[in-house]
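Let's take a walk through this structure together, one region at a time. Keep the view open as you read, and turn it whenever a new part comes up.

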Amino acid sequence: MDRWSGRVAVVTGASAGIGASISEELVKKGLKVVGLARRVDRIQNQSDSLMAADGDCHHLCKLMAPVRHRWSINDVIGGIRNTVMPSDCSPELAEGLKSQPGKLYALKCDITKNTEVQEAFKWTKSNVGGVDILINNAGVASNGKLISGPVESWKSILDLNVLALSVCTKEALQSMKERGVDDGHIIHINSVVGHTIPNLPLVVHMYCASKHAVTALTEGLRRELVQQKSKIRVTSVSPGMVETEFMAASGRPFDPKKVYGENPHLEAKDVSDAIMYALGVPPHVQVRNKVHVHLHIKLL
């Protein structure tokens with residue numbers, strides 16, 4: 001990982017769970033991390049607690065919604081000393097990251113809106129130098145049948161899990177190309193359901209379809225880059241059940257104590273460790289797919 005120190009990573013869905021864990025680990029490795037998220041209120045709550053905790057912060061700014069799609073330094077939470085925390089990080093984590101070599105910026109961005117994505121990448125280019133690593137982590141699921149919908153939930157799944165991922169990837173590759181970066185890395189957070197369709201009590205077939213699309217997009221992009229003789233790498237990481245807010249946020253009937261207490265599952269740190277491994281292999285090695293499987297699901 002030493003070769004990545006001082007370079008720039010963009011992480012989508014950085015406000016919680018896997019995205020927050022990835023952002024934390026990258027900061028510890030010395031990277032400048034731009035975390036994209038929609039939940040400004042959670043980030044603002046954290047900025048308030050950080051300001052109260054340390055009176056000598058030199059550029060703690062509010063994260064504001066972009067006005068007419070134009071960004072300024074006020075759209076970024078500058079950090080206490082060298083750290084800007086993702087929205088759900090605890091004060092203890094904030095304290096721990098203050099001494100780390102990297103830096104974390106939090107940008108408000110709804111990645112299903114192309115203009116906001118474009119402005120976020122413009123800000124990244126202007127303020128931290130452009131993208132070397134993109135981690136497409138943001139995703140959504142819902143409990144709904146193919147025979148009955150609702151169609152709105154299908155659109156939300158495909159807009160975020162497939163189209164937004166592709167738009168962010170295009171912007172990151174453009175940033176790399178403009179700067180002559182040929183050792184960059186694109187990482188998609190996929191799922192085991194992107195490789196099979198499990199027999200679950202919950203009906204998540206559109207979500208499965210979106211993750212199968214991610215599998216196809218990973219391989220398709222890899223082939224396009226090979227045709228261009230590019231050394232930019234592409235990796236798909238496919239966890240099984242992970243203990244995060246993801247299932248609760250999907251609107252499913254959900255008892256976390258029962259689900260996580262009775263079923264084998266991963267922690268967010270397990271997934272971020274897999275990301276660190278994929279990034280840390282020598283430049284001539286490409287980790288194409290990493291699948292993390294839990295054993296079975298008894299009841300959801």
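Start with the lining of the second largest pocket, where the residues split into five nonpolar, three polar and four charged. One thing to keep in mind as you look around: this is a predicted model. The pocket itself has a volume of about 260 Å³. Which helices each supply at least two residues of its lining? They are α5, covering 151-178, and α6, covering 205-227. If you'd like to click through the lining, the residues include Leu 173, Gln 174 and Lys 177, along with Leu 221, Glu 224 and Leu 225. Val 181, Asp 182, Gln 228, Lys 229, Ser 230 and Ile 232 are also among the lining residues.

Now swing over to strand β1, which runs through residues 8-12. Is this strand mostly covered or mostly open? It's mostly covered, with five of its five residues buried. You can check that face by face: Val 8, Val 10 and Thr 12 sit on one side, Ala 9 and Val 11 on the other, and all of them are buried.

So what does β1 pair with? One partner is strand β2, residues 32-37, and the two run in the parallel sense over five bridges. Another is strand β4, residues 133-136, again in the parallel sense, this time over three bridges. Val 11 is a handy residue for seeing both pairings. In β2 its bridge partner is Gly 35, while in β4 the bridge partner of Val 11 is Ile 135. To follow the chain from β1 to β2, look for helix α1, residues 17-28: β1, α1 and β2 make up a right-handed β-α-β unit.

While you're at helix α1, find Glu 25 and Lys 28. Their side chains meet in a salt bridge, at 3.7 Å from N to O. Both residues lie in α1, three residues apart, which is about one turn of the helix. Their surroundings aren't alike, though. Glu 25 has a relative accessible area of 9%, so it is buried, whereas Lys 28, at 34% relative accessibility, counts as partly exposed.

That pair belongs to a longer list, since the salt bridge count comes to 13. Another one joins the side chains of Asp 132 and Arg 7, at 3.2 Å from N to O. Why does this pair tie together parts that are 125 residues apart in sequence? Because Asp 132 lies in the loop between α4 (114-128) and β4, while Arg 7 lies in the segment before β1. Asp 132 counts as buried at 4% relative accessibility, and Arg 7, at 18%, counts as buried too, because the cut-off for buried is under 20%.

Head back to helix α6 for one more salt bridge. Here Arg 223 pairs with Glu 219, and their closest N and O atoms are 3.0 Å apart. The two are four residues apart in α6, so about one helical turn separates them. Arg 223 counts as exposed, at 51% relative accessibility. Elsewhere, salt bridges with shared partners link up into one network, made of Arg 3, Arg 7, Asp 132, Arg 179 and Asp 183. You've already met two of its members, Arg 7 and Asp 132, in their own salt bridge.

Notes. Residues numbered from 1 in each chain as written. Predicted model: local features only at pLDDT ≥ 70, side-chain atom pairs only at ≥ 80, totals over all residues. Heavy atoms only, no water. Buried < 20%, exposed > 50% of the residue type's maximum accessible area, 1.4 Å probe, protein only. Pairing = 2+ DSSP bridges. Right-handed = clockwise from strand over helix to strand, strands pointing away. 1 Å grid on protein atoms, 1.4 Å probe; cavity = no way out; pocket = protein on both sides within 12 Å on 5 of 7 lines; lining within 4 Å. Points joined across faces, edges and corners; volume = space filled by probe spheres on them. Nonpolar A, V, L, I, M, F, W, Y, C, P; charged D, E, K, R; others polar. Salt bridge = Lys/Arg side-chain N within 4 Å of Asp/Glu carboxyl O.
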